[in-house]
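Me: I would like a close look at a single part of this protein, with its helix contacts and its place in the interior taken together. Please set it in the context of the rest of the chain.

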Amino acid sequence: MGFDTFLSNPQAIASVKAMLAAGSVPGALLFTGPDGVGKKTLALAMAKALNCERRKDDYCGDCRSCRKSDEMTALTLEDLARRRAMKDAARRAEGLAYFDVQLIEPLTRFILTEQIRQMRSVAYTKPFELRHRVFIVDQAQAIHWQAADLLLKVLEEPPDSSRFILVCANPHELRSTVRSRCQRVPFQPASDAVIEQLLRTEKKIPTSHLKLALRMVSGSIAAAKNFDLEEFQARRKPWIGFLNAVAAQGDRTFAPSDWKLLFDSTKALADDRSNLEATLRLGYALLSDLLRFLADEPDAIRNLDLTPRLEVWSGQLGLAGIDRLKNGLDSAYRLQTRNVNQQLAWDAVAAGMVIQRE
Ligand SMILES: [Zn+2]
C-alpha cells in the first residue's frame with residue numbers, strides 16, 4: 001500500500017508527498033493531464049494520506065481512517081448513482097454531511113449547482129470523523145457555469161479542515177478564475193516502458209502484438225488495464241471490411257449501402273452504449289491513421305499492423321473521402337453522447353452520407 005504502488009507520474013507523486021511531509025497541503029489543488037493516467041486515483045490516495053493515522057507523507061491503507069476514507073468514497077458513489085436515477089427535483093435531496101471524504105462527479109451532463117452548494121455547506125462544518133474533509137471534484141470542467149461563483153467563494157477561503165482536489169484533463173476548459181485559485185499538479189502520459197511492462201505481465205499480450213497494443217492505449221494506464229487483444233481485433237474487423245469496400249471504389253461511388261455493410265457487422269458488437277462508444281473510437285483511430293498518411297506522418301500510425309493497407313486506403317479515398325467518413329462518424333458520436341438508441345445512431349451515419357452526396 002501507499003504511493004509506491006503507483007506505476008507512473010513520479011513527479012506528481014513527489015510533489016504531493018512533499019506537501020504532505022511539510023504539512024502544507026494547499027486548500028485547493030488541481031490535478032490535470034491526459035485521461036487514464038491516475039489523476040483520480042492519486043486524489044483518492046491523497047484523501048487517505050491527509051487522514052492516515054500511521055503515516056504523514058503517505059497512507060497505510062489499513063488504519064481506521066484509511067478504511068473509513070475508502071468506505072466514504074464508495075458511499076458517495078452509491079449516492080451519485082442513486083441520484084442519477086431520480087427525477088430532477090428529488091436529486092436535490094440533502095445529505096452527505098457525514099462523509100468527510102467525498103467524490104463529486106457530474107450528476108447529469110453537468111456537476112449541478114446543488115452539488116457545489118452542498119459541498120460548500122458541508123465544507124464549512126467540522127469533519128465528522130476524520131482530521132480533514134477532502135472533496136474530490138472529478139471532471140471539474142463539467143461544473144455548471146451557474147455554480148462557478150459559488151465554487152470560487154469556497155476556493156478563495158477554504159476552511160482550515162477542508163481540502164479540495166479538482167481533477168480535469170484540460171485545465172483550459174476551466175474558468176481562469178477557478179484555475180488561478182488552485183495549485184496545479186500536472187500529470188504526464190505513462191511512459192512506454194511502464195505500459196509495455198503492464199501489457200506484457202498483467203495482460204499477457206504476446207510479443208508479436210505488443211507494439212500495436214502500446215500504440216492503441218497511447219499512454220493511458222487505464223486503457224492498458226482494460227485492453228483485450230481478441231476483443232479489439234473482433235471489434236476492428238468490420239471496419240477493415242468496410243474500408244476495403246469503400247476505398248476500392250474511390251471517393252466517387254461512395255454509397256449508403258456501403259455503410260450498411262459496416263452496420264450489419266457491427267450490430268452484433270454494438271449491443272449497448274459502451275460498446276457503441278468503443279466501436280466508434282476504433283473508427284476514429286482508423287480515420288486518424290488515414291489522415292496521418294496524407295499528412296506524411298506514417299510514424300505516428302496506431303493501427304501498426306495495418307500500415308500497408310492504411311496507405312492504400314488513404315490514397316484511394318483522398319482527403320474528400322476521409323472527410324466524408326469523419327462527418328458520418330461525428331453524427332453517430334453526437335447521437336451516442338445524447339443517449340440516442342444505437343441503431344438510430346448508425347442510421348444517421350448512413351443518412352449523413354446521403355445528405356452530403358446531394
Ligand atoms: Zn492509514
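Reply: What follows takes helix H2 as the part to examine, and then turns to some other places along the chain for context.

The model is a predicted one, and its protein chain has 14 helices and five strands. Of the 358 residues of the chain, 34% count as buried, and among the contacts with a separation of 6 or more, 71% join residues that are 24 or more positions apart.

Helix H2 covers residues 39-51, and it packs with helix H1, residues 10-21, at an angle of about 20°, the two axes being 11 Å apart. Since angles under 35 degrees count as roughly parallel, H1 and H2 are therefore described as roughly parallel to each other. Their crossing is right-handed, and the contact is made by Ala12, Ile13, Val16 and Leu20 on the side of H1 and by Leu42, Met46 and Ala49 on the side of H2. By class, the residues of this contact are seven nonpolar, no polar and no charged.

With helix H3, residues 64-84, H2 packs at an angle of about 140°, with the axes 9 Å apart. Roughly antiparallel would require an angle over 145 degrees, and H2 and H3 are therefore oblique to each other. H2 passes H3 in a right-handed crossing. Here Leu44, Ala47, Lys48 and Asn51 of H2 meet Ser65, Cys66, Ser69 and Thr73 of H3, and the contact of H2 with H3 divides into three nonpolar, four polar and one charged residues.

The interior gives a further view of H2. In soluble globular proteins, nonpolar side chains tend to be buried together. In this model the largest nonpolar core has 64 residues, and those with the most contacts inside it are Ile136 and Ile165. The largest share of this core, eight residues, comes from H2. Leaving aside residues up to four places away in sequence, Ile165 touches Leu29, Phe31, Ala43, Met46, Val134 and Ile136. Met46 thus appears twice in this account, as a residue of H2 in the contact with H1 and as one of the residues that Ile165 touches. A second, separate core consists of twelve residues, including Leu243, Leu286, Leu310 and Trp313.

For context further along the chain, helix H8, residues 207-217, has Leu212, Ala213, Leu214, Met216 and Val217 buried. Those buried residues of H8 pack against helix H7 (192-201), helix H9 (221-226) and helix H10 (229-248). Just after H8, Ser218 takes a positive phi of about 25°. In the loop between H7 and H8 lies Lys204, a residue other than glycine whose phi is nevertheless positive, near 55°. Lys204 counts as exposed, because it has 8 C-beta neighbours inside 10 Å, and the cut-off for exposed is 12 or fewer.

The loop between helix H12 (273-294) and helix H13 (307-337) contains Asp299, and Asp296 is found in that loop between H12 and H13 as well. Asp299 is exposed, because 6 other C-beta atoms lie within 10 Å, and Asp296 is exposed, with 7 other C-beta atoms within 10 Å. Phi of Asp296 is near 60°, a positive value in a residue other than glycine. The C-alpha atoms of Asp299 and Asp289, which are ten residues apart along the chain, are separated by 9.9 Å.

Methods:
Residues are numbered from 1 along each chain as its sequence is written. This is a predicted model: local features need pLDDT of at least 70, side-chain atom pairs count only at pLDDT 80 or more; totals for chains, interfaces and linings use all residues. Axes are lines fitted to C-alpha atoms, for helices over the stretch in contact, and angles run from 0 to 180 degrees between N-to-C directions. Helices (H or I, at least four residues) and strands (E, at least two) are DSSP runs, numbered from the N terminus. Angles under 35 degrees count as roughly parallel, over 145 as roughly antiparallel, 65 to 115 as roughly perpendicular and the rest as oblique. A crossing is left-handed if the near helix is turned anticlockwise from the far one by less than a right angle, and right-handed if clockwise. Two residues are in contact if their C-beta atoms, placed from the backbone, lie within 7 Å. Ala, Val, Leu, Ile, Met, Phe, Trp, Tyr, Cys and Pro count as nonpolar, Asp, Glu, Lys and Arg as charged, and the others, Gly among them, as polar. A residue is buried if 20 or more other C-beta atoms lie within 10 Å of its own, exposed if 12 or fewer, and partly exposed in between; C-beta atoms are placed from the backbone. A nonpolar core is a set of buried Ala, Val, Leu, Ile, Met, Phe, Trp, Tyr and Cys residues joined through C-beta atoms within 7 Å.
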